[in-house]
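Visitor: Please walk me through the cysteines here. I want the reasoning behind each label.

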Amino acid sequence: MKFRLCILTIFVLLSFLFNIRAEKVFDVKSFGATPSQKNDISKALLAAWKAACSTPGASRILIPEAKYALRDVLLEGPCKGSMVLQIKGTLMAPADPSEHHSQGWITFQHVDHLTISGGNLDGRGKIAWGKNTCRTNVNCKNLPMNLRFDFVTNTIVEDLTSRDSKNFHMNLIGCQNFTLQRIKIIAPGDSANTDRIHIGRSNEVNIIDSKIGTGDDCISIGDGSRNIKITGVRCGPGHGISIGSLGKYKNEEPVSGVYVKKCDLINTSNGIRIKSWPGLYSGAATDMHFEDISMNNVSNAILIDQMYCPWNHCNSKASSNVKISKVTFSNIKGTSSTPTIVKLLCSKGLPCEGVELNNINVVYKGPDGPAKSECTNVKPKIGIRTDVLRGC
């Protein structure tokens, strides 16, 4: 038995060493990239990607330590083997939003077995934020995101810093088996519409041990998202962790299986939130669980808002057509900047079902006390009852 184990160990080690040797490295400097904050390296990166993508086996694209200017790039698959993009330096986007020609600064499409490791992405969004009219203009032109992933599978993004995106920092659409870990996202609280991570129509997404500060939602989960796990995330400033908004568009797919656990929210304008538009389209969100959440000076700590109607872009007197069910809030503690700790504003036409509140210990010490809760069109099951749950 020991002999067999020894042979097996040697075989595994040799396989590991063989894979390291077999991996081909494509340094962007070999394709004409020169370190500079002015010289665009998009052609070099695209050439390195094309060469690596067409090579069978494991390939690594290396961006060495330095600052590089980069215009919009589309990195497409399918590729003939696994791909690693290793960023040791800093990539800098054009400051002027008119110099972007797409909705993604760096976009990956139809790639399988992708790893992005390290590096800094500077979206240089300050000029763009002042030109963003999307809060009030439904026909606004969308600004580019720092990172866009379309139909990308079996992917890990790790140890990456994204700064000052002009729009969302990371956008996942149609992705499968996708992990974001040890991510740092940085932007001031007044950076308009800069959701840090947005997920839509994706399955098996994990966000782990990351720090997020933004001018909008730290994490937003859109329609069609399934099996989303968020653990060890620190959020603030920003609008908290949100599911939705839902029900704004036709043919939205259901949201199901969302787990948010062991997260910290600091100075956010919302805590954990589920939001849907009134009087518009049908949808569903079910099997959503929030557990072991710590809050520090958070407004609207626990919020289901089925009357979400920013800028009066809807019929605020109509009922939401989105059905919300099987939601648990457990072991939520900390401090609130507003007296209403729990606000569950469910649809009159489709009341929330299967909502549970257990061990909610969020304290309000401001002048408008005492702390309270508000529940409409829902009869939550309450486990460990605390004073803040008066009204539910």
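Visitor: Why is the disulfide of Cys375 and Cys392 called right-handed or left-handed?

Guide: The torsion about its S-S bond is about 85 degrees, so the Cys375–Cys392 disulfide is right-handed. This is a predicted model: local features need pLDDT of at least 70, side-chain atom pairs count only at pLDDT 80 or more, and totals for chains, interfaces and linings use all residues. Residues are numbered from 1 along each chain as its sequence is written, and side-chain values use heavy atoms, leaving out hydrogens and water.

Visitor: What makes Cys375 and Cys392 a disulfide?

Guide: A disulfide is a pair of cysteine sulfur atoms within 2.5 Å. The sulfurs of Cys375 and Cys392 are 1.8 Å apart, so the pair qualifies.

Visitor: Why is Cys375 called buried, and what is Cys392?

Guide: Buried means under 20% relative accessible area, exposed over 50%, and partly exposed in between (1.4 Å probe, protein chains only). Cys375 has 18%, so it counts as buried. Cys392 has 22%, so it is partly exposed.

Visitor: Which way does the link of Cys346 and Cys352 turn, and why?

Guide: Its S-S torsion is about -100 degrees, so that disulfide is left-handed. The sulfur atoms are 2.0 Å apart. Cys346 is buried at 4%, and Cys352 is buried at 6%.

Visitor: How do you know whether Cys263 is bonded or free?

Guide: The closest cysteine sulfur, in Cys235, is 8.7 Å away, too far for a bond. Cys263 is buried, at 1%.

Visitor: What is the partner of Cys235?

Guide: Cys235 forms a disulfide with Cys218, sulfur to sulfur 2.0 Å.
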